[in-house]
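Okay, thanks for coming, everyone. I'll put the model up and then walk through a few things in it.

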Amino acid sequence: MRLILFDVPCAKRSNFYPLSLSRPIWELRCGISTLGEKLIAKATDVACFVPGYMADSYRAKTNIKVNDAGTLADQDLLLVDTRIKASSFNVENSGPSEVGLTEDGECLYARITKDDLAKLKKDSIEVLLNSAKEKLPTTRCDLATWNYTWELVLENPHQITKDFAALGRNGIEGEVEEPKAIRGSAKDVYVAPGVLVHPMVVIDAANGPVYIDEGAEIHPFTRIEGPCYIGKKSILLGAKCREGNSIGPVCRIGGEVEESIIQGHSNKYHDGFLGHAYVGEWVNLGALTTNSDLKNDYSNVSVTLDGRRPIDTGSTKVGSLIGDHTKTSIGVLFNTGSYVGAMALIMATGKPLPKFIPSFAWFLEGVTTKGFGKSKLYGTAKIAMSRRKLQWTEAEEAMWDAIFELTSPARDEAIRRGRRLMLKK
Amino acid sequence: MDKSEIQERVIKVVCQVLNTDKDMVEPSSNFVFDLGAESTQSVQLVAAFEEEFGIEMEGEAALSVQTVGEAADFVAKYVK
């Protein structure tokens, strides 16, 4: 049986923007691993389908075959929409063909035998799914799905605890220098090989496990409160790392961070509060950049994903969603439930910013502008990646060009509004 | 729109964005060295010219303009 992960263009993809603009949804983190890693845990033969514009870029970052129509033949297949929560996915690998549909008729999974596969159209993943819906037995599917990015953030503390138990690792394999302070049970702490924990670090596992992955470095006066995951080669610089954080690889983290997910390769070196946020890759948050994650009247937080229509998150705690390659100046203040697009450059205004900042925006003097254009932003991205020994490739640039076009309606509208405001000032 | 009207409106926008008096602005005035424009203000100037004249300019070329007179010439290429 071959497992096919799919994340194809549909209206619900944008529920995961700005993070899913530049990666398939299954690359988003929740707990210790990504959604995809949880789904493929038991599979050996895996392939995937992503939106066409990101295929070349993603191909360079993964070992599995990407958008290869050849993987849709010659095998029994289990095709899985990666918005399905791995914990709820109970469909058997083998059995007769079956297509699981939501009440709206969306295909969440399709199990297709090799014999039935021969009868279906397979020009693309979309064609195959439609053909399977038409010709194979369907069943009503109530599997739990992820619907918005903030759900990952809200579930993160619980998921870290579950992932820690599933991995079954504990103990100190790296170096923890004296004097050390570990609260709670030693079985709830794992310090991987190559980790260096400096003196005067508090690891508090009294309320949840702490997993510090290979090559991470924890500087003095950092306090890590479980449940928490610190990714490979990340550095914590005297951080107040409160409960529920998943910090991906190669991040630099200081200040106060609470119940947040940071995808990887991002910097928040300095003081400033980040709470209930999801931060993409290659983000740099300037000193004292802070987000609100709770409204003063304790009402539900709303998030505007498209620049127009606020969505009630149903939660009183939601911070910022920050896309890849976005940079903030010192002192930026993000409002509760802010949407901050990818490749944006943001300067402080001294007060909380608008709750929607489009991708590729140069947010200057309180308004969205075209700024110095995308080539300047690409130049900065190139430098940031080279500092971590990674290359900005042609495939990467082509993907970002496509994202620039994809996100232009909301940005153009914000720029027009910005011009009017500028002349009124 | 004739050249003098464009120049007059360009100067009006420059005064508004850079918060300076009309007497201080001449066609030969350099945005950075004579009028003290910061890099972020050059972005604001481009946006303000676009709003004033209802045009869309090519961003990088617009930002390479150095003087008020050059700005008027640049805007003139877009104004019908």
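Before anything else, one definition: when I say two residues touch, I mean that their C-beta atoms, placed from the backbone, lie within 7 Å. And keep in mind that this is a predicted model.

So, with that cut-off, which residues does W362(A) touch, leaving out those up to four places away in sequence? Within chain A, the partners are L345(A), T369(A), K370(A), G371(A) and F372(A), and from chain B there's V43(B). The tryptophan sits in strand β38 of chain A, which covers residues 362-364. Is W362(A) buried or exposed? It counts as buried, because it has 25 C-beta neighbours inside 10 Å. If you want a ruler on the screen, pick A381(A): it's 19 residues away from W362(A) along the chain, and the two C-alpha atoms are 14 Å apart.

That V43(B) contact takes us over to the other chain. Across the whole interface, 11 residues of chain B contact 15 residues of chain A. On the chain B side, α2 (39-53) and α3 (59-63) each put in at least two residues. The largest share is from α2(B), with seven residues. By type, that side of chain B splits into four nonpolar, four polar and three charged.

Now chain B by itself. There are four helices and zero strands in chain B, so along the sequence you just read α-α-α-α. Its C-alpha atoms fit a box of roughly 30 × 25 × 20 Å along the principal axes. For 80 residues you'd expect a compact globule to have a radius of gyration near 12 Å, and chain B comes out at 11 Å, which agrees. Of those 80 residues, 35% are buried. And if you take contacts in chain B between residues at least 6 apart in sequence, 57% of them join residues at least 24 apart.

Last bit, the helix packing. Helix α1(B), residues 3-18, packs on α2(B) at about 135 degrees, with the axes 10 Å apart. That angle makes α1(B) oblique to α2(B), and the crossing is right-handed. What does α1(B) bring to this contact? Among its residues there are R9(B), V10(B), V13(B), V14(B) and L18(B). They meet a set in α2(B) that includes Q41(B), L45(B), A48(B), F49(B) and E52(B). Counting both helices, the contact has eight nonpolar, three polar and two charged residues.

Key
Residues are numbered from 1 along each chain as its sequence is written. Chains are lettered from A and ligands numbered from 1 in the order in which they are written. This is a predicted model: local features need pLDDT of at least 70, side-chain atom pairs count only at pLDDT 80 or more; totals for chains, interfaces and linings use all residues. Ala, Val, Leu, Ile, Met, Phe, Trp, Tyr, Cys and Pro count as nonpolar, Asp, Glu, Lys and Arg as charged, and the others, Gly among them, as polar. Axes are lines fitted to C-alpha atoms, for helices over the stretch in contact, and angles run from 0 to 180 degrees between N-to-C directions. Angles under 35 degrees count as roughly parallel, over 145 as roughly antiparallel, 65 to 115 as roughly perpendicular and the rest as oblique. A crossing is left-handed if the near helix is turned anticlockwise from the far one by less than a right angle, and right-handed if clockwise. The radius of gyration is taken over C-alpha atoms; the globule rule is 2.2 Å times the number of residues to the power 0.38. A residue is buried if 20 or more other C-beta atoms lie within 10 Å of its own, exposed if 12 or fewer, and partly exposed in between; C-beta atoms are placed from the backbone.
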